[in-house]
Amino acid sequence: MYFDWDYYWRVLRHVWSLKNWPGRRRMLWVLLLQTPLVTAINTAFFLLDYVFFPRLWWQKVKTPVFIVGHARSGTTLMHRLMAADGDRFSYFLYWETFFPSLLQKKIIRGLGWLDAKVFGAAIYTKLKRWDDKTFGPFRHMHDMSLWNSEEDQFVMRAAFVTQQWSTDLPVLDVIDLFHLDQMPHKRKRWMRFYKECVKRQLLLNGGSHIHLSKNPVMSGWVGSLIETFPDARIVVMVRDPKECIPSLLKLVEHSWRHKGWKPEDYRSSLAVMRQLSFESFLHPAEQLRNYPRYCRVDYRELISNPYEAVHKAYRELGFDISKDYDDFLTSQSEREKRHQSLFEYTLDEFDLSEEVIESELAEFYEQYNWPRRIGASESA
């Protein structure tokens, strides 16, 4: 099983240097004791998978679908709408991303069955209570739960390649998880491990489904995804950058503040994230310029008419829609149109002007006809 020792040592050195950080001792315990132990266990189980499940040797990953785009652009909504097409797709639940091995997941599912049949779901009830307490206060920003479909990139935590480090620690200026297409020394190793995790998830769910993924960080992996999965389908979510960029910055800043970090601690990482926000639009467009199997979904269309937005995406991806899934989309359409975010933010909070955003992403404003301050000023 692959483990990125380069990034591990970078993070360890960084945490060691934080002499005045109150959480330093706890994080060093995680890095020096917990991480090596968990990695050893995962590695052993990962190897045993091929012993207990020989079908893994022949498991294929056919026509996987990857939903990318800037965070807060509707990637989660699109993913969960498509994930409801359960006869077609396989995907990771959040709890499953903690366990890269197929054998681990089978054991946990077996324990869940035992809990339900013998103990009256006592363990599940306690986990559900913890889940609501842990994620409940933040669900107006992102609907997270152990049992929800989640971002594929979380499964990379076993290889020490996960954005979880970026939410726990402001280390965007220490490790780079975005520019995989520009990192040939890491590209093949990361993608080989990721493909192994996807194969296990497919086999867990029967082996015949299509893998469905969503992850904004993978906006920087598009070239690598296509190289690894040549028949992949790519869905690119697009939303007015003046809405999704400050929304993401606010979400990440809220996470850092919640963990006790001060503005001076995360100033550099926030600057990196501002730049990555532009690249989240630019890089997929560049990589997909000559790629035939992709579609774009406009956030405005997704929230105003989810039914038609999903139908349009399926047509462009070459998928048919079953009667049951069509009925589901009909029932969900009105519910999603009534959804309103309570998460408030402004560009002024992040030293970012409308003019800069419109200038950096001018081609997208032209293409999608988003409201423009520059054009309004000139016409006035």
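## The largest cavity

Helix H10 (263-287) is the biggest giver to the lining of the largest cavity, handing over four residues. Keep in mind as you look around that this is a predicted model. Strands E4 and E5 pitch in as well: along with H10, each supplies at least two residues of that lining. The cavity has a volume of about 70 Å³, and 13 residues line it.

Which residues lie nearest its centre? Look for Val 236, Phe 281, Pro 284, Ala 285 and Phe 364. Sorted by class, the lining of the largest cavity comes out as nine nonpolar, three polar and one charged.

## The second largest cavity

How many cavities of 30 Å³ or more turn up in a search of the whole structure? The count is two. In general, rolling a probe the size of a water molecule over the atoms is what shows where empty space is left.

The second largest cavity holds about 40 Å³ of space. Strand E5 shows up again here, this time with helix H12, and each of these elements gives at least two residues to the lining. The residues around this space are Cys 295, Arg 296, Val 297, Asp 298, Glu 301, Ala 309, Lys 312, Ala 313 and Glu 316. By class, that makes four nonpolar, no polar and five charged residues.

## The sheet and its edges

E4 and E5 belong to an open sheet of five strands, in the order E2-E3-E1-E4-E5, with parallel pairing. Why do E2 and E5 each have one side without a neighbour in the sheet? Strand E2 (89-90) and strand E5 (294-298) stand at the edges, and each has a single partner strand, so one side is left free of a neighbour in the sheet.

Let's zoom in on the E2 end. Strand E2 pairs with strand E3 (residues 210-214) in the parallel sense, over two bridges. If you find Ser 90, its bridge partner in E3 is His 211. As a rule, strands of a sheet pair through backbone hydrogen bonds, and they can do that in a parallel or an antiparallel way.

Now add a helix to the picture. H12 (residues 306-317) lies across E2, strand E4 (233-238) and E5. Its direction makes an angle of about 165 degrees with E5.

## Two helices side by side

To describe two packed helices, people give the angle between their axes and the distance between the axes. Helix H4 (residues 102-118) and helix H7 (residues 184-204) pack at about 35 degrees, and their axes are 9 Å apart. Their crossing is right-handed.

Who meets whom? From H4 come Leu 102, Lys 105, Lys 106 and Arg 109, and they meet Arg 200, Gln 201, Leu 203 and Leu 204 in H7. Split by class, the residues of this contact are three nonpolar, one polar and four charged.

## A pocket beside H4

Helix H4 has another part to play. In the second largest pocket, H4 gives the most to the lining, with six residues. Helix H5 (122-135) joins in, and H4 and H5 each supply at least two lining residues.

About 420 Å³ of space lies in this second largest pocket, and 15 residues line it. Nearest its centre you'll find Ile 108, Gly 112, Ile 123, Leu 127 and Trp 147. What classes make up the lining of this pocket? There are twelve nonpolar residues, one polar and two charged.

Key
Residues are numbered from 1 along each chain as its sequence is written. This is a predicted model: local features need pLDDT of at least 70, side-chain atom pairs count only at pLDDT 80 or more; totals for chains, interfaces and linings use all residues. Side-chain values use heavy atoms; hydrogens and water are left out. Two strands pair if DSSP finds at least two bridges between them. Contact means heavy atoms within 4.5 Å. Axes are lines fitted to C-alpha atoms, for helices over the stretch in contact, and angles run from 0 to 180 degrees between N-to-C directions. A crossing is left-handed if the near helix is turned anticlockwise from the far one by less than a right angle, and right-handed if clockwise. Ala, Val, Leu, Ile, Met, Phe, Trp, Tyr, Cys and Pro count as nonpolar, Asp, Glu, Lys and Arg as charged, and the others, Gly among them, as polar. On a 1 Å grid over the protein atoms alone, a cavity is a set of points where a 1.4 Å probe fits but cannot get out, and a pocket is an open set with protein on both sides within 12 Å along at least five of seven lines; lining residues have an atom within 4 Å of a point. Grid points are joined across faces, edges and corners, and a volume is the space filled by probe spheres set on the points.
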